[in-house]
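Could you walk me through this complex in my viewer, one selection at a time? I would like to know what to pick next and what I will find there.

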Amino acid sequence: MATFPLVSSRQIAMAQRPHPLLAVMAWELRRLRASRATWRLLIVAFGLFLFVVWLIKAPGTTGFNDVTFSVSVTSAEGLVAVLPILSFLLALTLPFVNADGVTRDLKERTHELLMSTSVPSWAYIWGRYLVCLLVSLGLAVLLLVALLLMGLILHHTQADYPLPQLEAVGLIWAVALVPTAILISSASFALGTILQRNSNLVKVGMILGWFMLGLVLPGIPVGGSGHVPSWYLTWEPSNIGMTTLLQTPYNQDATMILTAAASGGSDSFFLAALASLEQQMPNLGPYILPHLVWATLGVALVGWAALTFKRFSNS
Amino acid sequence: MELMMENLGKRYGQHWALRQLSLRCEPGMLGLVGPNGAGKTTLMRMIATLLEPTEGAIYWNGQNIRAHGEALRQVLGYLPQEFGMYREFSGRQFLRYLAAMKGLPKALAHRRVDEVIELTNLEQVADRKLPTYSGGMKQRLGIAQALLNDPELLIVDEPTAGLDPAERVRFRTLLASLTSNRIIILSTHIIGDVEAVANRLVILQEGRMLADSTPQRLQAEAVGKVWGVTTDQATAQRLQTTYQVSAFMNQVDGVFLRIISPTRPHEAAQIIEPTLEDAYLLAVGRQAIAA
């Protein structure tokens with residue numbers, strides 16, 4: 001080790017400091033890019049998404065005489081039907097990307113090195129969060145790509161499979177799945193940061209919580225009526241309620257088509273009517289605000305985590 | 001430049017890891033020694049703004065670091081006793097990352113990283129991925145990151161652990177060259193490290209300050225209390241159970257013992273020049289006997 005003098009602190013103070021938030025984000029992105037685990041995750045997730053989309057390629061079938069009509073997953077009706085499954089895919093993967101955003105430093109014992117630097121706590125938390133969010137949105141985009149790619153493959157390999165409805169798929173994805181990704185990403189990151197030593201519990205809790213919101217809570221009779229109130233179905237974030245409500249008009253129209261077909265309609269009329277029905281855009285309007293509110297609540301939870309983050313520990 | 005601690009204490013549950021510690025540090029090197037569990041790491045973590053004191057306060061240039069931690073962190077270099085590194089990075093990338101977290105502008109960070117890599121003799125391995133580093137290389141990288149921002153306050157906890165003897169000497173020389181116009185707090189088990197470079201010595205035991213002195217003064221206090229004797233194996237073992245022995249060396253003509261005792265431990269024992277290690281053992285042993 002040579003012993004020549006170092007650059008003085010004054011020089012550092014005088015030189016222009018980088019923006020701390022941008023510095024945290026830039027280096028976190030560099031770290032992710034350099035990590036093989038990131039690329040493995042993206043490849044595995046894309047493979048999983050493709051496989052699941054292939055499994056659910058025809059989420060509904062209707063029969064008339066000897067003719068059967070299958071709804072395609074890349075149509076408006078088909079995508080609405082599988083929203084809960086796609087949301088659950090996000091709930092299954094995103095907590096693992098986000099819950100360790102800050103906790104990782106504790107596990108890898110880099111926490112003390114970082115916390116003794118001058119990086120402000122807010123920049124550290126928000127920088128890490130924004131990168132986690134970016135990865136989460138990247139996974140949501142990957143899900144969209146998997147949907148469209150599988151739709152195209154099916155269209156070219158199966159004679160009666162329609163071309164993916166680009167506009168409808170994009171819109172439903174943007175209204176239902178992007179806010180869901182933001183909510184799961186934000187809540188996992190925030191809870192993982194607040195409960196630093198229990199981040200694995202947070203991951204499990206997020207997945208179980210998703211089940212509770214979408215499947216268990218609607219099964220509990222409210223107000224003695226035995227029915228789930230419609231406001232709950234509109235507002236619950238797992239998209240199960242949204243699917244339940246949006247499928248009703250499709251089912252009613254399909255019943256009408258069947259009735260018309262039974263009273264003298266031809267097979268081709270039946271097929272054409274159902275093909276037209278599956279491409280009808282649902283009314284997404286009532287679900288935009290609830291999804292935005294949930295996404296905002298998720299981001300607010302991150303804000304709370306950043307405010308309560310303690311550099312000083314007690315142990 | 002001044003670091004002050006006033007009645008500092010840290011309690012974990014019912015156990016006080018540190019109690020009523022008051023210290024005032026000015027530029028120079030303070031060696032912090034003490035047995036395991038004495039409270040050294042607790043004290044260093046509190047100064048590095050990582051651990052909240054249960055009582056008392058720490059002041060950096062008159063400002064309580066509880067409220068003004070940012071001011072201290074701007075000029076702090078800290079090497080923890082145990083630390084991890086990102087497996088994805090090379091040594092150079094990891095240093096550049098920490099330089100960015102310390103707020104160094106890019107051009108300066110690059111220059112500075114090159115400097116500390118040279119200072120810590122890591123040029124040959126700087127671009128290798130961190131999982132390929134040996135323990136000694138990791139330790140040198142830890143030292144390098146602590147120097148990145150040319151700190152006014154440098155806290156190093158067991159910095160020479162894992163270094164080979166040549167690296168340890170180099171590191172001591174490096175530390176000695178940095179003492180002007182900065183406060184260095186060096187915690188170590190290796191008394192030789194303190195002896196070589198510290199101008200002040202604080203001994204902690206069971207969370208309390210046992211001594212705040214200079215190595216020379218502490219050594220002077222031990223004069224007349226360190227004895228040397230060459231004897232047979234059986235006598236040596238008997239003496240070892242009765243007295244505090246700082247060295248037990250097998251030689252051709254028997255066993256040579258360095259014994260710390262206020263009275264002559266054996267009729268053949270001769271008073272010898274105390275080392276700092278003898279003086280340290282005398283101080284710590286006196287306290288243990290009093291307890």
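Which residue of β4(B) does M5(B) stand opposite? Select M5(B) and look across to β4(B): the residue facing M5(B) is I58(B). Keep in mind on this tour that the model is predicted.

**Stop 1: the sheet around β1(B)**

Stay where you are and widen the selection to β1 of chain B, residues 3-12, together with β4 of chain B, residues 55-60; these strands run antiparallel to one another and share five bridges. Now add β2 of chain B, residues 15-25, which is also an antiparallel partner of β1(B), this time over seven bridges. To check the register on this side, pick L3(B), which has C25(B) of β2(B) opposite.

Follow the chain from β1(B) into β2(B) and you pass through a hairpin with two residues between the strands. Click on G13(B) in that turn, where phi is positive at about 65°.

Next, show the whole sheet. Four strands make up an open sheet in the order β2-β1-β4-β5 of chain B, and the pairing is antiparallel. Why do β2(B) and β5(B) each have one side without a neighbour in the sheet? Both stand at the edges, and each has a single partner strand, so one side of each is left without a neighbour there. You can pick out β5(B) as residues 63-64. If you turn on hydrogen bonds, remember that strands of a sheet pair through backbone hydrogen bonds, either parallel or antiparallel.

**Stop 2: chain B as a whole**

Zoom out to chain B. You should be able to step through 10 helices and 14 strands, and the C-alpha atoms fill a box of roughly 70 × 45 × 35 Å along the principal axes. Of the 291 residues in this chain, 48% count as buried. A contact map would show that, among contacts in chain B with a separation of 6 or more, 67% are between residues 24 or more positions apart.

Colour chain B by confidence next. Its mean pLDDT is 92, and 98% of its residues score at least 70. Among the elements of this chain, helix α3 (residues 91-101) has the highest mean, at 97, while helix α10 (residues 276-290) has the lowest, at 76. A general caution applies to this colouring: where pLDDT is low, the predicted coordinates should not be read in detail.

**Stop 3: two domains in chain B**

Give residues 3-214 of chain B one colour for domain 1 and residues 220-290 another for domain 2. The centres of the two domains, taken over C-alpha atoms, are 33 Å apart. Where they touch, domain 1 of chain B contributes nine residues and domain 2 of chain B six.

On the domain 1 side, highlight α7 (191-197), β9 (200-205) and β10 (208-213) of chain B, each of which supplies at least two residues. The largest share comes from α7(B), with three residues. By class, this side of domain 1 of chain B holds seven nonpolar residues, one polar and one charged.

**Stop 4: where chain B meets chain A**

Now display both chains. The predictor assigns the complex an ipTM of 0.88 and a pTM of 0.88. How many residues of chain B are in contact with chain A? There are 46, and they touch 33 residues of chain A.

On the chain B side, select α2 (69-74), β6 (76-79), α3, α4 (106-119), α5 (135-147) and α6 (165-177), the elements that give two or more residues each. Of these, α4(B) gives the most, six residues. Colour this side of chain B by class and you will find 22 nonpolar, 11 polar and 13 charged residues.

**Stop 5: chain A and its bent helix**

Finish with chain A, which has 13 helices and two strands. Its C-alpha trace spans about 95 × 50 × 30 Å along the principal axes, and 40% of its 315 residues are buried. Among contacts in chain A between residues at least 6 apart in sequence, 78% join residues at least 24 apart.

For a last close-up, select α4 of chain A, residues 76-98, and centre on V82(A), where the helix bends by about 50°. Within four residues after that point comes a proline, P84(A). This helix is mostly covered, with 20 of the 23 residues in α4(A) buried.

Notes
Residues are numbered from 1 along each chain as its sequence is written. Chains are lettered from A and ligands numbered from 1 in the order in which they are written. This is a predicted model: local features need pLDDT of at least 70, side-chain atom pairs count only at pLDDT 80 or more; totals for chains, interfaces and linings use all residues. pLDDT is the predictor's confidence in each residue, from 0 to 100. Two residues are in contact if their C-beta atoms, placed from the backbone, lie within 7 Å. Ala, Val, Leu, Ile, Met, Phe, Trp, Tyr, Cys and Pro count as nonpolar, Asp, Glu, Lys and Arg as charged, and the others, Gly among them, as polar. A residue is buried if 20 or more other C-beta atoms lie within 10 Å of its own, exposed if 12 or fewer, and partly exposed in between; C-beta atoms are placed from the backbone. Two strands pair if DSSP finds at least two bridges between them. The bend at a residue is the angle between axes fitted to the seven residues ending there and the seven starting there. Domain bounds come from an automatic or database domain assignment.
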